[in-house]
Amino acid sequence: ALRYFCFFKQKTASDIPLRPVGSEMGIRASPSTSDRNVLRRSLLSSVLEIVEHNARLTRRLALFEIGPIFYPSAEGPSADGDLPQELPRLAIVLTGLRTLPAWQDANPALMDFYDLKGVLEALTARLYLENVHFEPAKHPSYHPGKCARILSGEQELGVFGELNPLVLDRFELPPTSLLAAELDLGVLMPLLPDRFQLQPGPADPPALAGLAVIVDEGLAPGR
């Protein structure tokens, strides 16, 4: 069964310029609702809808979604005949302030390309993927010069960067940069190791409280 979230408005689906749009988008004869008649070709379309609805409520958003996208069976082998291929994807979106304002930092900086790169580095490290590296890339959905692809060895896991302003203009979003990544879980999951080496925990518990040390009055600071 195709769940509701897999269907989108045709305009929303075409707002992500992956390739020319039209009949290839998978327009359904009997959609879930009359205005959502297109099977998505990218998770970014659904995540950007969520950002659009929530950006006015908060100054910081960090979202992710795991789910399928759909490609016509003619673009690859399909055991189900005319049914579209369901390809698993992970989308991540960051926008707004790096941290919420607090008394220590009333004016925090905005998140940028390197915040998203750090999220991907932390994710792949916790998954114990080997030989992860980044290369500059070009993609119509992303800002020229602010786009990269992430690889594990020779396998491309996905593309990330700052979304192209031409894409953002099609949504009602605040005037801040929006960082996004879309990873191919069909490529990533087989690369996960069956086993990995764990680091032993420390023998002594950490000292979390402050320490006071009495020293000679004549000892110079920093010694």
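**Figure 1. Aromatic pairs in the predicted model.** Four aromatic pairs are present in this structure, which is a predicted model. One of them joins tyrosine 128 and phenylalanine 196, whose ring centres are 3.8 Å apart and whose planes meet at 10 degrees, so this pair is stacked. Tyrosine 128 sits in the loop between helix 3 and strand 5 (132–136), and phenylalanine 196 belongs to the segment after helix 5 (185–188), so the contact ties together parts that are 68 residues apart in sequence. Tyrosine 128 is partly exposed, at a relative accessible area of 32%. Phenylalanine 196 is also partly exposed, and its value is 42%.

**Figure 2. The pair of phenylalanine 134 and phenylalanine 160.** The ring centres of phenylalanine 134 and phenylalanine 160 lie 5.6 Å apart, with the planes at 80 degrees, so the pair is edge-to-face. Distant parts of the chain are linked here: phenylalanine 134 is in strand 5 and phenylalanine 160 is in strand 7, 26 residues apart. With a relative accessibility of 24%, phenylalanine 134 counts as partly exposed. Phenylalanine 160 has a relative accessibility of 0% and counts as buried. Both residues are members of one aromatic cluster, together with Phe113 and Tyr114.

**Figure 3. The largest nonpolar core.** In soluble globular proteins, nonpolar side chains tend to be buried together. The largest nonpolar core of this model contains 21 residues, and Val51, Tyr142, Leu163, Leu178 and Ala180 have the most contacts inside it. Two or more residues come from each of helix 2 (44–54), strand 3 (60–71), strand 4 (85–96), strand 6 (142–152), strand 7 (155–163), helix 4 (165–168) and strand 8 (178–184). Helix 2 gives the most, with four residues.

**Figure 4. Surroundings of leucine 163, and a second core.** Apart from neighbours within four places in sequence, leucine 163 is in contact with Leu44, Leu48, Ser141, Tyr142, His143, Leu168, Leu178 and Ala180. A second core is separate from the largest one and has 18 residues, including Ile92, Phe160, Ala181 and Leu185.

**Figure 5. The salt bridge between arginine 89 and aspartate 184.** Side chains of opposite charge can pair when their charged atoms come close. Seven salt bridges are found in the structure. In one of them, the closest N and O atoms of arginine 89 and aspartate 184 are 2.9 Å apart. The pair links distant parts of the chain, with arginine 89 in strand 4 and aspartate 184 in strand 8, 95 residues apart. Arginine 89 counts as buried because its relative accessibility is 14%, under the 20% limit. Aspartate 184, at 21%, counts as partly exposed.

**Figure 6. A network of salt bridges around arginine 98.** Arg98, Asp112 and Asp115 are linked in a network of salt bridges. Between aspartate 112 and arginine 98, the closest N and O atoms are 3.5 Å apart. Both aspartate 112 and arginine 98 lie in the loop between strand 4 and helix 3 (113–126), so their salt bridge ties together parts that are 14 residues apart in sequence. Aspartate 112 counts as partly exposed at 32% relative accessibility, and arginine 98 counts as partly exposed at 32%. The salt bridge of aspartate 115 with arginine 98 has its closest N and O atoms 2.8 Å apart. This second pair links distant parts of the chain: aspartate 115 is in helix 3, and arginine 98 is in the loop between strand 4 and helix 3, 17 residues apart.

Terms used. Residues are numbered from 1 along each chain as its sequence is written. This is a predicted model: local features need pLDDT of at least 70, side-chain atom pairs count only at pLDDT 80 or more; totals for chains, interfaces and linings use all residues. Side-chain values use heavy atoms; hydrogens and water are left out. A nonpolar core is a set of buried Ala, Val, Leu, Ile, Met, Phe, Trp, Tyr and Cys residues joined through side-chain atoms within 4.5 Å. Buried means under 20% relative accessible area, exposed over 50%, partly exposed in between (1.4 Å probe, protein chains only). Contact means heavy atoms within 4.5 Å. A salt bridge is a side-chain nitrogen of Lys or Arg within 4 Å of a carboxyl oxygen of Asp or Glu. Rings of Phe, Tyr and Trp (its six-membered ring) pair if their centres lie within 6.5 Å; planes under 30 degrees apart count as stacked, over 60 as edge-to-face and the rest as tilted.
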